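Please open the model in a viewer and keep the sequence panel beside it. The tour below proceeds by selection, one stop at a time.

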Amino acid sequence: MVFFVITGHDVPQPPAVFFHEDEGGKLAPRPQYADLACRVCGKFDELEALSRGVDDKIVIRTKRNIFPSMEDMTIVDRRARAVLESIDGIQLSFFQFPQSPGYHVAVPKLLIQPRSGDQGFRFHPQCKACSRHQQILFGNGLPAIPEGASFGGFGMESRLAMKPILFASEAIAKKLQAITPPLAKLVAQRLPIVPDESCV
Ligand SMILES: [Zn+2]
C-alpha cells in the first residue's frame with residue numbers, strides 16, 4: 001500500500017505549544033508542564049501535557065489552514081478541522097488554543113511507536129533516565145504500518161519533544177488534496193521520505 005505524510009508548510013515564527021522563553025531567554029517547558037520533565041533530558045509526556053490544556057498565552061497569528069508548531073505538532077484552523085472530520089478513516093483528537101479558539105492541536109488517535117529494527121526509522125541514543133530517544137528520524141525504508149490502518153501518526157522524536165507526524169493512505173491523501181478551495185499550504189509527501197542528512 002502507498003502512504004503519504006500529511007503536513008503543512010512551515011510558518012515564520014511558529015507557535016511553541018510546550019515551550020516558552022524563560023526569564024534568561026532560554027527555551028524551557030511552559031510552567032504548567034515543568035513537573036512532567038525528565039531531570040536528565042527534559043522530555044515529557046506530551047499527551048499528558050495536552051490533557052492539561054493548551055497555554056492561554058499563545059496567540060495564533062497566521063491565516064493558514066494547517067501548519068506545524070515549533071515542535072512539529074500539527075495545528076489546524078476551523079476549516080481544516082471540519083475537512084479532516086468529514087473524511088472517513090481520519091481519527092484525531094483536538095486540543096483548543098484558549099486565546100485563539102479557532103485553532104486546535106490535532107493529535108492522531110493511532111500513534112505508532114517506532115521500533116528499533118524498523119528500516120523506516122533511524123534512532124539516536126536513548127536517555128538513561130527516561131529511555132526516550134534523543135531523536136527518531138525517518139530511515140531509508142517504508143515504516144511498518146499495522147494492517148488495516150489508513151490514518152495515524154508516527155511517534156518521531158526531535159531533540160525537544162515527540163513529533164506525531166501524520167500519515168494517510170493514498171485514498172485519504174487524495175481526498176485531502178481534492179478539497180476545494182484547497183487547504184492552504186497542505187503538503188502530502190509520499191513515503192518513504194528520503195532522509196535529508198543536512199537536517200540532522
Ligand atoms: Zn530523559
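Where is Pro181 found? Select it: Pro181 lies in the loop between helix H3 (170-178) and E13, where helices (H or I, at least four residues) and strands (E, at least two) are DSSP runs numbered from the N terminus. The model is a predicted one, in which local features need pLDDT of at least 70, side-chain atom pairs count only at pLDDT 80 or more, and totals for chains, interfaces and linings use all residues. Residue numbers start from 1 along each chain as its sequence is written.

**Two cis peptide bonds**

With Pro181 still selected, add Thr180: the peptide bond from Thr180 to Pro181 is cis, with omega near -15 degrees. Next, move to Leu191 and Pro192, whose connecting peptide bond is cis as well, with omega near 0 degrees. Pro192 belongs to the segment after E13.

**Strand E1 and its partners**

Select residues 3-8, which form strand E1. Five of these six residues are buried, so the strand is largely enclosed by the rest of the structure. Here a residue is buried if 20 or more other C-beta atoms lie within 10 Å of its own, exposed if 12 or fewer, and partly exposed in between, with C-beta atoms placed from the backbone.

Add strand E12 (residues 162-169), which pairs with E1 in the antiparallel sense over four bridges; strands pair if DSSP finds at least two bridges between them. Ile6 stands opposite Leu166 of E12. Then add strand E13 (residues 186-190), which runs antiparallel to E1 and is joined to it by five bridges. On this side, Gly8 faces Leu186.

Now centre on Thr7, also in strand E1. Thr7 counts as partly exposed because it has 19 C-beta neighbours inside 10 Å. Leaving out residues up to four places away in sequence, Thr7 touches Pro68, Leu166 and Val187, a contact being a pair of C-beta atoms, placed from the backbone, within 7 Å. Gln189 is 182 residues from Thr7 in sequence, yet the C-alpha atoms of the two are 8.3 Å apart.

**The largest nonpolar core**

Select Phe4, Ile6, Phe167 and Ala168: of the 42 residues in the largest nonpolar core, these touch the most other members. Such a core is a set of buried Ala, Val, Leu, Ile, Met, Phe, Trp, Tyr and Cys residues joined through C-beta atoms within 7 Å. E12 supplies the largest share of this core, five residues. Show the surroundings of Ala168: beyond its neighbours within four places in sequence, its contacts are Phe3, Phe4, Ile6, Ser150, Phe151, Ala173 and Leu176.

**An open sheet of four strands**

Turn to the open sheet with the order E4-E5-E7-E6 and antiparallel pairing. Strand E4 (66-68) and strand E6 (92-97) are its edge strands, each pairing on one side only. E4 runs antiparallel to strand E5 (residues 74-76), with three bridges between them; Phe67 has Ile75 as its bridge partner in E5.

**Two positive phi angles**

Select Asp72, in the loop between E4 and E5. Although not a glycine, Asp72 has a positive phi of about 70 degrees. Asp72 is partly exposed, since 18 other C-beta atoms lie within 10 Å.

The last stop is Ser131, in the loop between strand E9 (121-123) and strand E10 (136-138). Ser131 is likewise a residue other than glycine with a positive phi, near 60 degrees. With 9 C-beta neighbours inside 10 Å, Ser131 counts as exposed.

Note on methods. Two residues are in contact if their C-beta atoms, placed from the backbone, lie within 7 Å.
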